[in-house]
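Please prepare a short briefing on the structure shown here. It should cover the overall make-up, the open and closed spaces, the nonpolar cores and the points of unusual backbone geometry.

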Amino acid sequence: MTQHQEDDVTPQTPAAPGLSRRGLLLGTAAALATAPLTATAARAATAPGAATPTATPAAGRTPKVLLIGLDGTMLTRIKDAGAPHLTALMAGGLTAASSLYANPMAGTLSGPGWSTVATGVWPDKHNVKDNNFTAPNLTAYPDFLTRAETADPALSTYVVASWAPIADTICSGRVDTRIATPSAEYDTGTTARAVAKLRDDNPDVVFVHLDNVDNAGHSSGSASQAYLTAIRGVDAQVGQIVAAVRGRAGYAQEDWLILVTADHGHTPTGGHGGSTWEERQTFVIANGSAFPAGSVRQDVRMVDIAPTALAHLGIAADPAWNLDGTPIPALVPDEFDALRPQLTGRVDETGIAAGVLGFTHTPPAGWSVDNSAMGTGGVAEWRGWSFTTDEFWTKTQRDQNRELNVRSRNVFAVADSDEWADKIFSGTYDSTLVSPEYPVAGRGTVPVTFTTFYRPEGAQSARVLAVWDGGAPVEVKSFTSDTNGRQRLDLAVPAGASRLRLRFRYTGSNNWYWVLDNVKVG
């Protein structure tokens, strides 16, 4: 069986003589420079100083996690393939399609993909940009099995992978057992080892990686019959693994969370690493006590997998970890997300398929857009602040860094003077997104948080202004350099003020863009 293939791959350095790079790996990773972690709820009584866990095991059962990684697998093709075991997991839990970054953050490759899944942070933090692992930051941002081991060394953690770097690089030596399946065994060996571990032992956290769908994608493309055949093959292996879980003698006393995901997608003709929508595709299937049967979400990101697994184990995330992800059950849709049902299709844009629904100029209740200083003409979709989705916005023009807007979720607000200027216009881009009024009476300071992605150019400006009790706007923040992340402003409340309104004003003329999401006050 052909081994895992990747675009732009440099051969890995061989292991020392006498130890196969794809054989059993022992603790060789560097020690972690992280703060002490909290213990699982099941063991809190024996762990002094443990913080309050973020989840409670169902009905007192012992929480356990199984993560199955299906390399290069696309959710749409799972549905086309008629994969009964994966379909059953979706029917019994949550299904969430998601999308990835592209260069320059990282290529749509396995190194950054699996590092993102395992660590709960995006590549601009874990610093795995490709499959060479040139300067990874996995000590500061370790995999979730390592965090679980650090929280409670009594946990049994196990990794078995058909692609060796998952076991020998991404997952650290703190993990109890790391196995890179020998090439001759490939996914058959990976499946057999996982089944035996789940059937005959008592693991708490298991990460299984299967590779053959990616192999079929490279050789035949995601639009091929061979790709569907590979999905049906891996589906049967998933069935064996899940059956081993549910056939355990102590299964009734255990609370299993089963997660299934992929590291990237594939082009219809084969290959990945680039910025097409197909290459950027991934998904999460979550089957467990916290996930209603047949549920679907649009706000899940790949960085949510690690914190979801940890929360299920009862391990509270330390803010010092600086994770990008959130446990999926804890995700709360914001006001912009409520706009999804009213999104419409393209008007002037030509790179977006006619059936893709993805933008509106109508703000959510309480919000407004001030276009009184806005120029005329231009591309209709982007005339002033718009509300859109990743699929719609990134398809306007690839490789202009829109793919890096990974920290926004579902529907977000964008001011894009670059796309607006792709049709005849006059004047300048000058649009202000205006928030509702928030009560602040009796407060000395009030925190304002929001997620932003800002790419500057030339005379472009992005300003946050505060309006107290309907008075004159006062600038409280301006952005002058590339910014991608969560922002916090602690605003001093003027004496006697009782109401705060925010204004987000963007100006430019055929420059770049400003994205806002998840605005919170108080």
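The notes below go through the structure topic by topic.

This is a predicted model. The protein has 522 residues, and 57% of them are buried. Its secondary structure consists of 12 helices and 22 strands.

**Overall make-up**

- Taking contacts between residues at least 6 apart in sequence, 75% of them join residues at least 24 apart.
- The accessible surface comes to about 19,200 Å². Carbon and sulfur atoms account for 52% of that surface.

**Largest pocket**

- The largest pocket holds about 680 Å³ of space.
- Its lining is made up of 29 residues, and those nearest the centre are Ala97, Ser98, Trp277, Gln281 and Glu391.
- Two helices and two strands each supply at least two lining residues: helix H1 (75-81), helix H11 (390-394), strand E3 (94-99) and strand E8 (281-287).
- Strand E3 gives the most to this lining, with five residues.
- Sorted by class, the lining of the largest pocket has 10 nonpolar, 10 polar and nine charged residues.

**Second largest pocket**

- The second largest pocket contains about 570 Å³ of space.
- It is lined by 25 residues, of which Arg407, Arg409, Thr451, Arg486 and Asn518 are the closest to its centre.
- Strand E20 (483-492) and strand E22 (513-521) each supply at least two residues of this lining.
- The lining of the second largest pocket divides into 11 charged, eight nonpolar and six polar residues.

**Enclosed space**

- A search with a probe the size of a water molecule, rolled over the atoms, shows where empty space is left.
- The count comes to one cavity of 30 Å³ or more.
- The largest cavity has about 30 Å³ of space.
- Asp334, Glu335, Phe336, Trp367, Asn518 and Val519 line this cavity. Asn518 is also one of the residues closest to the centre of the second largest pocket.
- By class, the cavity lining has three nonpolar, one polar and two charged residues.

**Nonpolar cores**

- The largest nonpolar core has 103 residues, and Leu500, Phe504 and Trp514 touch the most other members.
- Strand E22 provides the largest share of this core, six residues.
- Beyond its neighbours within four places in sequence, Leu500 is in contact with Pro436, Glu437, Tyr438, Val440, Val446, Val448, Ala466, Val467, Trp468, Leu491 and Val521.
- A second, separate core has 38 residues, including Leu75, Ala83, Leu86 and Ala230.

**Helix H3 and the loop before it**

- Helix H3 covers residues 110-119, and 10 of its 10 residues are buried, so the helix is largely enclosed by the rest of the structure.
- The buried residues of H3 include Ser110, Gly111, Pro112, Gly113 and Trp114. Ser115, Thr116, Val117, Ala118 and Thr119 of H3 are buried as well.
- Gly120 follows H3 and has a positive phi, near 80°.
- The loop between E3 and H3 contains Pro104. A cis peptide bond joins Asn103 to Pro104, with omega about 10°.

**Positive phi outside glycine**

- Tyr186 is not a glycine, yet its phi is positive, at about 50°.
- Tyr186 is found in helix H7, which spans residues 186-200.
- Buried means under 20% relative accessible area, so Tyr186, at 3% relative accessibility, counts as buried.
- Asn410 is another residue other than glycine with a positive phi, in this case near 55°.
- Asn410 lies in the loop between H11 and strand E14 (412-416).
- With a relative accessible area of 13%, Asn410 is buried by that cut-off too.

Technical notes
Residues are numbered from 1 along each chain as its sequence is written. This is a predicted model: local features need pLDDT of at least 70, side-chain atom pairs count only at pLDDT 80 or more; totals for chains, interfaces and linings use all residues. Side-chain values use heavy atoms; hydrogens and water are left out. On a 1 Å grid over the protein atoms alone, a cavity is a set of points where a 1.4 Å probe fits but cannot get out, and a pocket is an open set with protein on both sides within 12 Å along at least five of seven lines; lining residues have an atom within 4 Å of a point. Grid points are joined across faces, edges and corners, and a volume is the space filled by probe spheres set on the points. Helices (H or I, at least four residues) and strands (E, at least two) are DSSP runs, numbered from the N terminus. Ala, Val, Leu, Ile, Met, Phe, Trp, Tyr, Cys and Pro count as nonpolar, Asp, Glu, Lys and Arg as charged, and the others, Gly among them, as polar. Buried means under 20% relative accessible area, exposed over 50%, partly exposed in between (1.4 Å probe, protein chains only). Contact means heavy atoms within 4.5 Å. Accessible areas come from the Shrake-Rupley method with a 1.4 Å probe; for residues, only the protein chains shown count as cover. A nonpolar core is a set of buried Ala, Val, Leu, Ile, Met, Phe, Trp, Tyr and Cys residues joined through side-chain atoms within 4.5 Å.
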